[in-house]
Amino acid sequence: EVKDYEIVLAYKHGNLTTLLKPGRYFYWKGNEDFKLIQIDLSEVEIEGQVNPTTLQNAIVAPYVRSFTVESYEEGLLFVDGKFVKKLTQGTYYFWKNALSIEVKKVDLRQLPLEVSGQEILTKDKAALRVNFYAHYKVVDTEKAILNCKSYEKQFYTQVQLALRAFVGTLTLDELLDKKEAISDFVSTIVGDKMRKIGLQLIEAGIRDIILPGDVRDMMNQVLLAQKKAQANIIMRREETASTRSLLNTARLMEDNQMLFKLKEMEYVEKIAEKINSISLSGGEQVVGQLRALFAS
């Protein structure tokens, strides 16, 4: 006799032959290897008396529901909305009955979070956009699922609030100088809050800060002016050094006529390198001048 909440698996010579639904059945007595396994469908979990291969049989499958937890996941089993236990990797089978069975799976791998295009006002009312990234992972699935409705959204919101709290207290110039400090601030503030819901912040950082077009143009003008000023300082420094060198050379030539003559001939040689031909006019007067120039 099979009750309303039961099924019976009939085996003959060790092989499943039929499934008996609720009702009354009669069999001849004999010496055949005949076996019946009575199953209570009101139970949630399937006991070890039924082989997993049998559960996938076409006549048994309509009474079975299965859930698979991958190697990088962890599952939480809920029966009628009540948390029962954790499920590690593997395939789990449950009898199909009036009870509600749900397996919530959580990815345990390192997960990325991209917070892009956040429009934030600095302390001096400069509007800018910030792109931020973070990597995190779930370390406590019970806290992540039971203590939080959506841990991904909450994590995203906390990063947003931390960015606004940091940027809003600094001027634009201070922010650009302390750009690397943003990641440290967010990691400290958000990391502490996320541990309460079972998350671990692995790393975080600022990807880029996008300035408005007019502010960017002004920044470029300031940078150009600074570079020009630096170039002028370098040029004046070189001119001063060159003048000081000429002054020292002039003092040496003033005290040493031979050095003065060598310097004079050096310049004449440089001039002569650029001359292909010389035309003389004036006769002996020009020749005398040249002799006076080169003679000792």
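This is a short dialogue on reading strands, helices, loops and a surface patch in a predicted model.

Student: What kind of model is this, and how are residues numbered?

Tutor: The model is predicted, so to speak of confidence: local features need pLDDT of at least 70, side-chain atom pairs count only at pLDDT 80 or more, and totals for chains, interfaces and linings use all residues. Residues are numbered from 1 along each chain as its sequence is written, and side-chain values use heavy atoms, with hydrogens and water left out.

Student: Which strands form the open sheet that contains β1, and in what order?

Tutor: Strands are DSSP runs of E with at least two residues, helices are runs of H or I with at least four, and both are numbered from the N terminus. Two strands pair if DSSP finds at least two bridges between them. Here three strands make an open, antiparallel sheet in the order β2-β1-β3. Because β2 and β3 stand at the edges with a single partner strand each, one side of each has no neighbour in the sheet. Ignoring direction, neighbouring strands are turned by 25° against each other on average. Five bridges hold the antiparallel pair β1 and β2, and K12 stands opposite N15 in β2.

Student: What is unusual about phi at H13?

Tutor: Most residues other than glycine have a negative phi. H13 is not a glycine, yet its phi is positive, about 55°. H13 sits in the loop between β1 (6–12) and β2 (15–20).

Student: Is H13 buried or exposed?

Tutor: Buried means under 20% relative accessible area, exposed over 50%, and partly exposed in between, with a 1.4 Å probe and protein chains only. H13 has a relative accessible area of 51%, so it is exposed.

Student: Where is D80, and what is its phi?

Tutor: D80 is in the loop between β5 (73–79) and β6 (82–87), and its phi is positive, near 55°. The hairpin of β5 and β6 has two residues between the strands. D80 counts as partly exposed because its relative accessible area is 48%.

Student: How many residues of β5 are buried?

Tutor: Seven of the seven are buried, so β5 is largely enclosed by the rest of the structure. E73, G75, L77 and V79 lie on one side, and E74, L76 and F78 on the other.

Student: Which strands pair with β5?

Tutor: β5 runs antiparallel to β8 (residues 101–107), joined by seven bridges, with I101 as the bridge partner of V79. β5 also pairs with β6 in the antiparallel sense over five bridges, where F78 stands opposite F83.

Student: What lies across the sheet β9-β10-β11?

Tutor: That open sheet has three strands with antiparallel pairing. Its edge strands are β9 (111–121) and β11 (199–210), each pairing on one side only. The twist averages 20° from one strand to the next. β9 and β10 (residues 127–138) share nine bridges, and A127 in β10 is the bridge partner of L121. For angles, axes are lines fitted to C-alpha atoms, for helices over the stretch in contact (heavy atoms within 4.5 Å), and angles run from 0 to 180 degrees between N-to-C directions. Helix α3 (residues 151–167) lies across β9, β10 and β11, at about 40° to β9. Helix α5 (residues 181–195) lies across β10 and β11, at about 150° to β11.

Student: What accessibility does L36 have?

Tutor: L36, in strand β3 (residues 34–40), counts as partly exposed at 42% relative accessibility.
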